[in-house]
Amino acid sequence: LSCAAMSELQAFWEEIELVWQRGVFGVETDRALLAIAVFLLFVVLRGLFTAVVVAGLGRLTQRTETTIDDQMLEAARGPLRFVFLVAGLFFAARVAPLPPEVDEYATKIVRSLIAFTIFWTIYRMAEPLSFLLDHASNAMRGQEIGAALKKFAVRIFRVIVAVIGAAAILEEWDFDVAAVLGGLGLIGMAVAFGAQNLIANLFGGVVIFLDKIFVEGHWIRAGDVEGVVEKIGFRTTKIRRFDKSLVTLPNTKLSDDAVVNFSMMTNRRIYWVIGLEYRTTHDQLRQVVEGISAYVHNNEDFETDPNRVSTLIHADSFNNSSIDIMFYAFTKTTVWAEWMRVKEELLYEVKRIVEEAGTSFAFPSSSLYVETLPFGAPEVPIRIEDTRSSGGGEPDRSVRPSGDTQTVRPGARGPSGEDGE
């Protein structure tokens, strides 16, 4: 019995050795465990590298005046950490040699990850290195390329990098990219007819950026759409209206049609027609005009430099119901809320000037001539007239004979403010 038990134990041990030697995918178990240990070692090194090297570089970049190095370090952080994982897989595969059929796939995976890391790094570095476009534009045109166009160029560059990176990875897996692209060329000719609008909108977006028609954040009006530009894409532009609804317009419409860019205003205009009643005297009219003009020219909120804007404050015309003063001036601010404050203060001042001059504002009035009344014809023609109120309230309704007969004013107020009979 003892010998039989020993032989059974010996057979069991031989099975253990066989399993140990066979391992996984033809790799001995000790080699597989060693490969796992190597990979875990690189994972630990990845954490140490992040905590020591990357953190130290972060402290150094914070001491510099420029933010470009901070952006570059942040862009490279992910790819640098990913490199340790790729390196761990590579060295783990070298420690535990795989069978030829498995090793071929493992090699392709590692090469694909290396290609991915390279193009991922270039993709992330596109935005921090976009300052080079400003230097190139300064060298060629003497001015910077602009933030909006730079952002658009970064998007185009990233798309190109992504396409090339995908092609490089496919090449590692023995895909004939050239043949695929050639086949797509025939299909592309057919698709191009259906993608004419897409291509037109793409070039429309390029025109918007190159001509600097507007950028994100500008307040524009295109046709019946008015609002703030939220995003300029390859095909469309999104505009947030002032009622907070979002409007999406194709770029061709914005590049071909007239676009009013309110954010490009150098100054903001106030254009009023101030009507005074006809009983205003010559001296009162002149006092009002000169008072308003003095207020504007002595106010820092208004731009009165004749080389920059035109400021016109003049008695302009005899209108049907008023003597009109034209007010045409520009504020220094273009911000809507600030402009409203300046306009409100101007309104108060104009009201005060008119009242101090002893006159008042006019409003439209009409006269009605009555030949007969329901209770019989009068001895003389009667005229019922709506006259302008001197106090700016409701108009007086007067019944006036067309001759020298005394005027009857039902409900009208006399100079003392009391009701007439």
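A salt bridge is a side-chain nitrogen of Lys or Arg within 4 Å of a carboxyl oxygen of Asp or Glu. Asp301, Glu338, Arg341 and Glu345 are linked in a network of such bridges. The count comes to 18 salt bridges.

The model is predicted: local features need pLDDT of at least 70, side-chain atom pairs count only at pLDDT 80 or more, and totals for chains, interfaces and linings use all residues. Residues are numbered from 1 along each chain as its sequence is written, and side-chain values use heavy atoms, with hydrogens and water left out.

**Exercise 1.** Place the salt bridge of Arg155 and give the exposure of both partners.

*Solution.*
- Step 1: the partner is Glu216, with the closest N and O atoms 3.6 Å apart.
- Step 2: the pair links distant parts of the chain, 61 residues apart. Arg155 is in helix 6 (147–172), and Glu216 is in the loop between helix 8 (196–211) and strand 1 (219–222). Helices (H or I, at least four residues) and strands (E, at least two) are DSSP runs, numbered from the N terminus.
- Step 3: Arg155 has a relative accessible area of 21%, so it is partly exposed. Glu216, at 29%, is partly exposed too. Buried means under 20%, exposed over 50%, partly exposed in between (1.4 Å probe, protein chains only).

**Exercise 2.** Is Lys108 buried or exposed? Where does its salt-bridge partner Glu104 lie?

*Solution.*
- Step 1: Lys108 has 14% relative accessibility, so it counts as buried.
- Step 2: Glu104 and Lys108 both lie in helix 4 (residues 100–125), 4 residues apart, about one turn.
- Step 3: their closest N and O atoms are 3.7 Å apart.
- Step 4: Glu104 is partly exposed, at 43%.
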